[in-house]
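I sat down with this one to look up how its sheets are ordered and where its cysteines pair. These are my notes as I went along.

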Amino acid sequence: MTRTALAFAATAAVLAAGSASAQAQADDTPPTIGGGSGIVVDARAGCTLTTIGRDSAQRLVGLTAGHCGEPGATVVVEADPDGTGVGRFVYSDSTLDYAVIEFDEQRVTPVNRVGGTTITGLGAPAQFPTVVCKRGSTTGTSCGVAWGDVRATNTETWTQMCVMKGDSGAPVMVGTTLVGMVNAYLGVGCLGPEVGTNISAIVHDLNARGEIGAGFQPL
């Protein structure tokens with residue numbers, strides 16, 4: 001091999017090594033996650049994160065539907081090809097059907113925008129005929145009229161949004177204001193009404209308990 005060829009080969013090797021190093025650094029970047037991101041719980045249940053933010057103790061926490069997992073369950077970001085555990089369920093409420101997830105800050109990049117859904121604050125339950133929208137991991141973004149608190153529970157709102165299995169926990173939005181989460185649909189998916197817990201009821205319960213998640217505010 002000539003000196004010129006050897007020099008070229010050495011340069012190519014350095015560039016290749018640099019490229020590989022850059023790729024490795026890129027691969028080490030924690031996956032982004034926010035309200036509307038798909039999550040996998042204990043490698044079996046697929047759900048959607050409602051929102052991510054901090055509680056009064058500045059812990060990084062998120063919310064999702066309670067039926068998605070029990071305390072101790074491991075959470076993986078659906079879009080992360082490595083499937084690294086990024087958090088765990090610390091509380092699950094069967095009555096209001098919501099759960100609190102505590103995230104490992106070193107393993108995620110929290111965001112307040114996923115797709116076209118941006119969460120800037122928390123708000124009161126939607127009333128008829130307000131149009132609400134959700135961002136779910138299965139059916140993406142869909143909107144529909146809010147029917148209101150049909151069963152007079154003071155904790156839930158019915159809507160006419162398209163939801164399917166995997167959308168559980170999806171944020172229910174009025175503009176950029178989070179007003180609830182998706183919990184279930186009645187009858188046939190995307191045809192029957194959706195039923196979800198109001199974020200105001202969840203925050204009230206979190207604060208009353210005074211544990212992880214109390215004082216929650218989205219990013």
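Before I list any sheet order, a note to self on pairing: I call two strands paired if DSSP finds at least two bridges between them. I also remind myself that this is a predicted model.

**Entry: overall count**

I started with the inventory, and the protein chain has two helices and 20 strands. Of its 219 residues, 47% count as buried. I then checked the contacts with a separation of 6 or more, and residues 24 or more positions apart account for 58% of them. For the surface, I noted that the chain exposes about 10400 Å², with carbon and sulfur atoms supplying 55% of that area.

**Entry: the mixed sheet**

I traced an open sheet of eight strands, and its order reads β12-β17-β16-β13-β14-β15-β19-β18, with mixed pairing. Its edge strands are β12 (121–122) and β18 (184–185), each of which pairs on one side only. Inside the sheet I looked at β13 (residues 131–136) and β16 (residues 171–174), which run antiparallel and are joined by two bridges. Which residue of β16 is the bridge partner of K134? I found V172 there.

Next I followed helix α2 (residues 199–209), which packs on this sheet and touches β12, β17 (177–181) and β19 (194–197). The direction of α2 makes about 80° with that of β17.

**Entry: the antiparallel sheet**

I then traced another open sheet of eight strands, this one with antiparallel pairing, in the order β3-β2-β6-β7-β8-β5-β4-β20. Here β3 and β20 (217–218) are the edge strands, and each pairs on one side only. I picked out β7 (residues 85–93) and β8 (residues 98–103), which pair in the antiparallel sense over six bridges. As one bridge in detail, I wrote down S92 with its partner A99 in β8.

Helix α2 turns up here too: it packs on this sheet and touches β5, β7 and β8. Against β8, the helix direction makes about 65°. So my note on α2 has it packing on the mixed sheet and on the antiparallel one.

**Entry: disulfides**

How many disulfides does the structure hold? I counted three. With the bonded cysteines numbered in sequence order, I get the pairing 1-2, 3-4, 5-6.

I took C47 and C68 to begin with, joined at 2.0 Å from S to S. This pair links distant parts of the chain, with C47 in strand β3 (residues 45–48) and C68 in the loop between β5 (60–65) and β6 (74–77), 21 residues apart. The link is left-handed, with -100° about the S-S bond. Are these two cysteines buried or exposed? C47 is buried because its relative accessible area is 4%, under the 20% cut-off. C68 is buried as well, at 1%.

Then I went to C133 and C143, where the S to S distance is 1.9 Å. C133 sits in strand β13 and C143 in strand β14 (residues 140–148), 10 residues apart. I read 105° about the S-S bond, a right-handed link. C133 counts as partly exposed at 25% relative accessibility, and C143 is partly exposed with a relative accessible area of 43%.

That leaves C162 and C190, with 1.7 Å from S to S. They are 28 residues apart, C162 in the loop between β15 (156–159) and β16, C190 in the loop between β18 and β19. This link is right-handed, with 45° about the S-S bond. I have both down as partly exposed, C162 at 22% relative accessibility and C190 at 30%.

**Entry: T117**

I stopped at T117, which lies in strand β11 (residues 117–118). T117 is buried because its relative accessible area is 8%, and the cut-off for buried is under 20%. Which residues does T117 touch, not counting those up to four places away in sequence? I listed G35, N112, R135, T141 and M173. One of these, R135, takes me back to β13, which spans residues 131–136, and M173 takes me back to β16, residues 171–174.

Methods. Residues are numbered from 1 along each chain as its sequence is written. This is a predicted model: local features need pLDDT of at least 70, side-chain atom pairs count only at pLDDT 80 or more; totals for chains, interfaces and linings use all residues. Side-chain values use heavy atoms; hydrogens and water are left out. Helices (H or I, at least four residues) and strands (E, at least two) are DSSP runs, numbered from the N terminus. Contact means heavy atoms within 4.5 Å. Axes are lines fitted to C-alpha atoms, for helices over the stretch in contact, and angles run from 0 to 180 degrees between N-to-C directions. A disulfide is a pair of cysteine sulfur atoms within 2.5 Å. Buried means under 20% relative accessible area, exposed over 50%, partly exposed in between (1.4 Å probe, protein chains only). Accessible areas come from the Shrake-Rupley method with a 1.4 Å probe; for residues, only the protein chains shown count as cover.
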